[in-house]
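Biologist: I am new to reading protein models, and I would like a close look at one small part. Please pick a loop, tell me where it sits, and then lead me on from there.

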2 protein chains.
Amino acid sequence: MEKNSVGLVETKYFNFDELVLDSKEKLKPVTIAYETYGTLNKDKSNAILIEHALTGDSHAAGEHEDEDKPGWWDSMIGPGKAFDTEKYFVICSNVIGGCKGSTGPASINPKTGKTYGLSFPIITIADMVRAQKKLIDFLGIKKLLTVVGGSMGGMQVLQWLASYPGNLLSAIPIATTVKHSPQQIAFSEVGRQAVMSDPDWRNGNYYGASFPLRGLSVARMIGHITYMSDISMAEKFGRRSKEEKPVFKFEPSFEVEGYLKYRGDSFVKRFDANSYLYITKSLDLFDLAGEKKLHQVFAGIRAKLLILSFKSDWLYPSYQSKEIVKACKLAGVDATYCEIFSTYGHDAFLLEVEEETHLIKHFLEKVESEYDR
Amino acid sequence: MEKNSVGLVETKYFNFDELVLDSKEKLKPVTIAYETYGTLNKDKSNAILIEHALTGDSHAAGEHEDEDKPGWWDSMIGPGKAFDTEKYFVICSNVIGGCKGSTGPASINPKTGKTYGLSFPIITIADMVRAQKKLIDFLGIKKLLTVVGGSMGGMQVLQWLASYPGNLLSAIPIATTVKHSPQQIAFSEVGRQAVMSDPDWRNGNYYGASFPLRGLSVARMIGHITYMSDISMAEKFGRRSKEEKPVFKFEPSFEVEGYLKYRGDSFVKRFDANSYLYITKSLDLFDLAGEKKLHQVFAGIRAKLLILSFKSDWLYPSYQSKEIVKACKLAGVDATYCEIFSTYGHDAFLLEVEEETHLIKHFLEKVESEYDR
């Protein structure tokens, strides 16, 4: 185990009776899978909520006994790290609609005793955040020191600001947007179509039978292209051929093809196809301001913001972060923006650890010091 | 019919015995579907060869009796247009490996009496051009006034320059590259995986049974995203909802989703899935210079070049065209480059008719006048 790891961790489960969704439907009962790292201080003022992206989960740091890989943001969470577990109490929960312990389409529908499948209601980013608020209440936390996340995680951060502005001191939306552009919707939709065109999908009723693995794998491959950049692919693969000669015509022969296929095929072992549909749909439906002007949404917010984006990220390009910055300025919200130079594309929010650590540590210290006064 | 149309046209077929491919395999016999517009002059010096892109065909201009849509580049070919059929003899042929009349995987393999399917040999851009050279020879043309095409058409243009530099006076590669980047390979590969993961694909042996329509439709949807730009999608669709309310969960609800689905579903009516595999593979394999330096490939070329790219084209970005320009300069080749401002993305080569017409007309006049001297 890495020296600055939070060590062995376990996923915990918080159950509650009912969640009223944006659609007015009621989800009940609800389970939220979550993990915590570090210790909540006496006045419960050191809590940080981490928000995961599309295919992430509550296991953000440390190691599980039966797995050899650490949590998905282990590089950022631990003793001495950006989210220093010697100072902060760090929480990460799996979104509802997910498939990593929180209630989702693969859960049992208590009304029927069978898996939800497509009888699971459409959920929104606001619904995810609403469920998280219940968890935070349960943990007795009145005010979060910060809420932070990249990509879909950033959307949840923005939603926290809009839904519960009084319950957080600061917010760090990374590589995100207040609403999907049609190009972003298009990439989501092609992924969904890949899943739904797999005959094994069977309108979502595949549990207990063969799963729509081929369709989900293709969806993940599309996703992976959008997470990288032209440059990072050129640096990582160039036009190199795979070492093994392909046996069949049209078997992957370039390294980049083999990589994508591998990533697609390993993804389907850990992710539920219906969750992929529900969560990507929540991304597309997300529209923080809706009919309002964005700066109206931010009006009166006293939390400080640190907004980060990455130069080569073409999936959530910097102009979308700059829209947030502009609205903050118009609304008089204290916002700092940094576009980090990176060739990693959208994946940069997981990889540019040094830059992010530097900026976030400094930001959190400032938030704390101003709050103490 | 539009006033400046070449009018009603018919596809012609040129048959020959054998084509030796880059793979050393022999394709025999070979049929090339082609169309011509305008009249070949006495000294056969006014011939222009048009090269089509991935899913194009020989029907570049005018109308077929049984179809209501004109050829794919009708806006550029006709009386008074960029490729003025009152002056020039314009030829366009379907690539081998295609499915619009030229020999391809859906043709009958004379050895077995059955459809080729995957027994069709792997073909390269050079093979396509080799077949076209036979057609040009058959038409008695020694020197083409120009060879022109966008995207994959541009690759064929570049290959003509490399393979038959003495047989053309000029060349116009548009929105193209000398080799696919790993990102371009990745997009091709995901399309192929979408096709091949459709159980109806059956290793390419689907003729006479149900076709892999769902997989091919997903592949086309992916393609369409890459042909447009973030801006052009925003301008065309925004986040507008479809007029009809979706009946099923996850049915397309945004306009952009409906558009992509429609384009995918109509594409499969006109294109063969195996051709999609073979042709995209030829794109990925294309590497004009290979082990050589690019300027070495261009050394000694006396043809004039007009190289065009488009500002918002992120599939074949301008930097790839600039590599061609640079190599031409190093090799002492007479090359003019223009990056056309456009928000249409890669589709711009089909849509920016006014700019292209202006540049190409002027260029062709210059080529003619210098040749006449």
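Modeller: Let's start with Phe250(B), which is placed in the loop between α5 (230-236) and α6 (255-267) of chain B. Helices and strands here are DSSP runs (H or I over at least four residues for a helix, E over at least two for a strand), numbered from the N terminus. Keep in mind that this is a predicted model, where local features need pLDDT of at least 70 and side-chain atom pairs count only at pLDDT 80 or more, while totals for chains, interfaces and linings use all residues. Residues are numbered from 1 along each chain as its sequence is written, and chains are lettered from A and ligands numbered from 1 in the order in which they are written.

The phi angle of Phe250(B) is near 75 degrees, a positive value in a residue other than glycine. Phe250(B) has 21 C-beta neighbours inside 10 Å and therefore counts as buried (20 or more other C-beta atoms within 10 Å; exposed means 12 or fewer, partly exposed is in between, and C-beta atoms are placed from the backbone).

Ser151(B) makes a good companion. Its phi is near 65 degrees, again positive in a residue other than glycine, and Ser151(B) lies in the loop between β11 (146-150) and α2 (152-163) of chain B. Ser151(B) is buried too, with 27 other C-beta atoms within 10 Å.

A loop can also hold an unusual peptide bond. The one from Lys28(B) to Pro29(B) is cis, with omega near -10 degrees, and Pro29(B) belongs to the loop between β3 (26-27) and β4 (30-37) of chain B.

From loops we can move on to helices. In chain B, α3 (182-196) and α7 (273-285) pack with their axes 10 Å apart, at an angle of about 160 degrees (axes are lines fitted to C-alpha atoms, for helices over the stretch in contact, with angles from 0 to 180 degrees between N-to-C directions). The two helices α3(B) and α7(B) are therefore roughly antiparallel, a word used for angles over 145 degrees (under 35 is roughly parallel, 65 to 115 roughly perpendicular, the rest oblique). Among the residues making this contact are Ile185(B) and Gly191(B) of α3(B), and Tyr276(B) and Leu283(B) of α7(B) (contact means C-beta atoms, placed from the backbone, within 7 Å).

Finally, look across to chain A: 41 of its residues are in contact with 41 residues of chain B. Helix α3(A) gives the most to that side of chain A, with 11 residues.

Terms used:
Two residues are in contact if their C-beta atoms, placed from the backbone, lie within 7 Å.
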